[in-house]
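Hi there,

Here is the structure I promised to pass on. Have a look through it first, and my notes on what turned up are just below.

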Amino acid sequence: MHRKRGFSMEKKKARWGWVFVTPSLILFAAFSFYPIINAFYESFFNRNLLSLRPPRFVGWDNYIYLFGSKDFWLSVQNTLIFTLGTFLPLLVFSLVLAVFIMSIKRFRRFFQMAFYSPAVLSSVVAALIWLLIFDPRGLANQGLNALMGTAGVNYNWLSTTGMLRLSTIVVYFWKYIGYFTVIFVSGIGSIPDTLREAALIDGANRWTLFWYVTLPLLKPTTMLVSIMAMIQCLKTFSTQYMFTNAGAPTRPINVITLNIYNTAIKDYRIGRATAMSILLFIVMFAFTWLQLKVSRTEEVSHM
Amino acid sequence: MKKTSALLLIALSLLLAASVVGAQTIELTYWTHTDDNRTVIENRYIEEFQAMYPNVTIKRVVNEASKMGDLMLTAFSANNAPDIFNLPIEQEYGYMMHHRVAPVNYKAIGYKDAQDLASQYMPGTFDTVTMDGQIYGLPLELTNWSIYINKNIFRDAGLDPETDYPKTWEEMIEVADKLTLRNGEIITRRGFDFRYPYYLVAMLPMVEQLGGQLLSEDGKTAIVNDEAWIQVFEWFRTWGPHGRNLGSPTYTAARKIFNMDNNDIAMCLTGFYQQGRIRVDNPEFYDSGEWMVVPFPVFENAVNDVGCSYYGHFMMVNAQASAEKQEWAWKFIAYMLDHGWEYLETVNIIQPRQDLLDDPRYMELPYMNVFMDDMARSHMVFLHENGFQFERFIKEAIESVMLSNMPSDEALDILRERIQEVLDDSY
């Protein structure tokens with residue numbers, strides 16, 4: 001009798017659980033899952049975005065084309081350069097800033113707010129702000145000239161290959177550093193003080209404490225930040241789009257997402273563009289799976 | 001029972017009335033690019049048209065010119081495009097080729113047929129919007145670009161604007177160098193800057209001056225006359241930061257700052273409409289007479305005297321709109337465009353209507369002779385179903401040479417390969 005009552009209580013809870021979860025499942029299916037399936041389907045067709053002619057089935061031709069396309073591999077290269085150039089500094093410096101914030105007693109909230117504030121701007125607004133800064137007469141040249149003691153040197157932030165790539169990395173870094181810092185701050189905050197105190201009693205200095213206590217216990221947070229940062233970097237678009245629209249050369253910063261946009265909207269080749277999107281999705285999925293796999297092999301407990 | 005029947009009857013009557021009213025009201029959406037002067041007069045035309053035809057309402061939506069191409073494509077691909085729109089012909093051409101726009105309803109606008117309509121305009125006006133004997137757009141403007149000069153800046157640099165203006169592209173480099181002011185490497189005043197990224201309109205004619213072409217005569221081969229292309233690429237390299245450092249696509253567009261007369265740009269490449277904008281933005285500068293217009297330069301070793309290409313903005317109607325909407329759309333377009341002289345005086349855009357061109361006041365407009373002479377030695381902008389795409393490829397080639405210092409022959413090979421791939425691709 002008790003077991004029966006318990007079981008029906010569980011059933012009732014489960015039913016209510018479904019009631020609350022179903023709307024978001026429907027929304028996810030409609031706005032995320034369905035577009036992915038539809039994109040995968042579209043990638044097997046040749047379709048002109050402007051044409052009213054029915055799309056022509058081409059099988060794997062779009063994928064075969066991409067794997068043989070210099071343009072595609074250039075955008076893969078550009079994406080990798082951007083991702084590695086942004087992801088690693090983001091990961092390292094957000095951790096450093098989080099440790100700094102947690103080590104100070106005063107103005108903690110102020111620093112968190114100051115570092116986080118660029119994250120609330122849209123990517124387009126961030127790019128527009130930095131376009132003004134990177135203008136030849138803008139703050140970037142003035143600042144660097146003042147720092148280096150030079151006068152009137154144009155560092156070509158938006159022109160030469162190396163500087164242009166660096167500029168896009170700077171924008172992304174500036175926008176997201178605070179976001180990941182806050183995540184690390186909450187991760188550090190979740191480590192029990194007792195562990196730190198015990199280590200200090202045992203004679204650990206600050207560096208030993210960080211390296212052998214804090215960092216290992218931050219593994220779950222580090223994994224979360226690295227997955228999120230990696231995905232953000234792989235799908236970067238607005239900065240590169242705004243910069244190229246403002247006259248910066250496309251070739252050095254033609255990342256995959258910009259290539260997808262140009263292929264679909266400028267070249268009208270929606271089938272090829274969706275094939276690229278699917279490949280990007282597979283890469284992001286693979287990275288995420290890999291990172292989760294690595295994180296599971298070294299699970300952390302505060303016990 | 002009686003109550004229920006009465007209620008049902010009332011509901012049915014209301015439904016019928018609503019459907020009748022709905023059927024009679026025509027709502028048209030009209031998308032166009034920003035132009036403050038044109039907005040004023042077209043809003044008035046909308047009010048007047050709606051007063052004449054109370055069953056028609058027109059919603060005018062403006063967007064940045066540079067964004068219009070993307071917005072229109074997105075709208076059409078979602079089958080949610082406006083009823084009326086205008087774009088430069090090199091962007092509109094694809095819409096016509098793919099039957100996304102409707103042919104002109106000649107009778108609705110008071111003409112017998114296509115020939116009757118065409119006879120009212122300058123010969124050749126409708127060549128680019130005619131397909132299978134039908135005309136698919138009415139011209140809002142036909143525009144070419146010449147060089148505007150700020151005379152004060154010329155004098156400041158010790159030059160006489162009346163005689164020392166550049167007649168060749170080689171002279172353009174030398175004159176611009178004399179006019180340019182720099183703080184070290186950073187340009188604070190440009191002598192001239194190019195009309196990036198409209199390469200089909202302004203850069204391709206430079207190649208044609210040297211005997212080059214984008215496509216062969218049969219349209220099957222990309223890039224004709226490599227030497228012509230490389231000479232033009234090298235000209236841009238010389239212009240950019242790796243050469244004489246005279247300008248770059250990363251600086252503010254020259255035509256956007258010319259009107260302000262702030263000693264930051266001496267020359268810009270733009271159309272007749274610029275005068276209307278100078279008049280509004282800086283009446284003092286406009287009235288001072290300290291600006292002038294000179295012809296589009298030619299290379300010293302040019303084999304063809306080709307001016308900057310001209311292009312048109314054509315008013316077009318969405319083919320997916322209902323037949324009734326299409327008819328009203330053409331009526332409204334014709335009503336607006338019937339005010340050709342007001343468009344010319346207020347907005348400084350030229351409709352190639354014969355009555356306008358024959359008006360003696362026409363040639364008295366400031367520097368109209370320069371624009372007309374330049375137009376006489378030029379041709380309509382390069383048109384192709386994939387023209388938009390080709391322009392993007394040319395943009396990347398120029399930027400690679402100018403900004404990334406790529407060798408010109410390498411940039412040309414990449415350009416050729418990309419265009420040829422599009423030509424060879426049949427789908």
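**What I found**

Let me start with one small spot: in chain B, Ile147(B) stands opposite Val294(B) of strand β13(B). Before going further, please keep in mind that this is a predicted model.

That pair belongs to a bit of sheet. Strand β7 of chain B, residues 145–150, runs antiparallel to β13(B), and the two are joined over 4 bridges. Strand β13 itself covers residues 291–294 of chain B, with Trp291(B) and Val293(B) on its covered face and Met292(B) and Val294(B) on its uncovered one. As a rule, side chains in a regular strand alternate between the two faces of the sheet.

Met292(B) comes up again among the contacts of Pro161(B). Pro161(B) sits in the loop between α6 (151–156) and α7 (169–179) of chain B. Is Pro161(B) buried or exposed? It counts as buried, because 20 other C-beta atoms lie within 10 Å of its own and 20 or more is the cut-off. Setting aside neighbours within four places in sequence, Pro161(B) is in contact with Ile149(B), Lys151(B), Phe154(B), Arg155(B) and Met292(B). As for Ile278(B), it is 117 residues from Pro161(B) in sequence, and their C-alpha atoms are 19 Å apart in space.

**Chain B as a whole**

Zooming out, chain B has 19 helices and 14 strands. Its C-alpha trace spans about 95 × 55 × 40 Å along the principal axes. The radius of gyration of chain B is 25 Å, which agrees with the value near 22 Å for a compact globule of 427 residues. Of those 427 residues, 44% are buried. Taking contacts in chain B between residues at least 6 apart in sequence, 74% join residues at least 24 apart.

The domain assignment splits chain B in two, and each domain is made of two stretches: domain 1 is 25–143 + 310–376, and domain 2 is 145–308 + 386–424. Their C-alpha centres lie 28 Å apart. Where they meet, 21 residues of domain 1 of chain B are in contact with 18 residues of domain 2 of chain B. On the domain 1 side, the elements that give two or more residues are α2 (36–52), α4 (89–97), α15 (340–347) and α17 (368–376) of chain B. Which of them gives the most? That is α17(B), with 5 residues. By class, this side of domain 1 of chain B has 10 nonpolar, 7 polar and 4 charged residues.

**Chain A**

Now for the partner. Chain A has 13 helices and 2 strands. Its radius of gyration is 24 Å, well over the 19 Å that the globule rule gives for 303 residues, so chain A is more spread out than a compact globule. The C-alpha atoms of chain A fill a box of roughly 75 × 65 × 30 Å along the principal axes. Buried residues account for 34% of the 303 in chain A. Looking at its contacts between residues at least 6 apart in sequence, 72% join residues at least 24 apart.

Chain A is also assigned two domains, domain 1 (1–42) and domain 2 (60–297). The centres of these two domains, taken over C-alpha atoms, are 34 Å apart. How many residues does each give to the contact? Domain 1 of chain A gives 4 and domain 2 of chain A gives 6. The domain 1 side of that contact is made up of 3 nonpolar residues, no polar ones and 1 charged.

**Where the chains meet, and the core**

The contact between the two chains takes 29 residues from chain A and 30 from chain B. On the chain A side, the largest share comes from helix α12 (residues 256–266), with 3 residues. That side divides into 12 nonpolar, 12 polar and 5 charged residues.

Last, the largest nonpolar core has 165 residues, and those with the most contacts inside it are Val232(B), Ala329(B) and Ile398(B). Helix α7 of chain A, residues 161–189, gives the most to this core, with 11 residues. Take Ile398(B) as a place to look: not counting residues up to four places away in sequence, it touches Tyr199(B), Met203(B), Phe233(B) and Phe236(B).

Cheers

Methods
Residues are numbered from 1 along each chain as its sequence is written. Chains are lettered from A and ligands numbered from 1 in the order in which they are written. This is a predicted model: local features need pLDDT of at least 70, side-chain atom pairs count only at pLDDT 80 or more; totals for chains, interfaces and linings use all residues. Domain bounds come from an automatic or database domain assignment. Two residues are in contact if their C-beta atoms, placed from the backbone, lie within 7 Å. Ala, Val, Leu, Ile, Met, Phe, Trp, Tyr, Cys and Pro count as nonpolar, Asp, Glu, Lys and Arg as charged, and the others, Gly among them, as polar. A residue is buried if 20 or more other C-beta atoms lie within 10 Å of its own, exposed if 12 or fewer, and partly exposed in between; C-beta atoms are placed from the backbone. Two strands pair if DSSP finds at least two bridges between them. A nonpolar core is a set of buried Ala, Val, Leu, Ile, Met, Phe, Trp, Tyr and Cys residues joined through C-beta atoms within 7 Å. The radius of gyration is taken over C-alpha atoms; the globule rule is 2.2 Å times the number of residues to the power 0.38.
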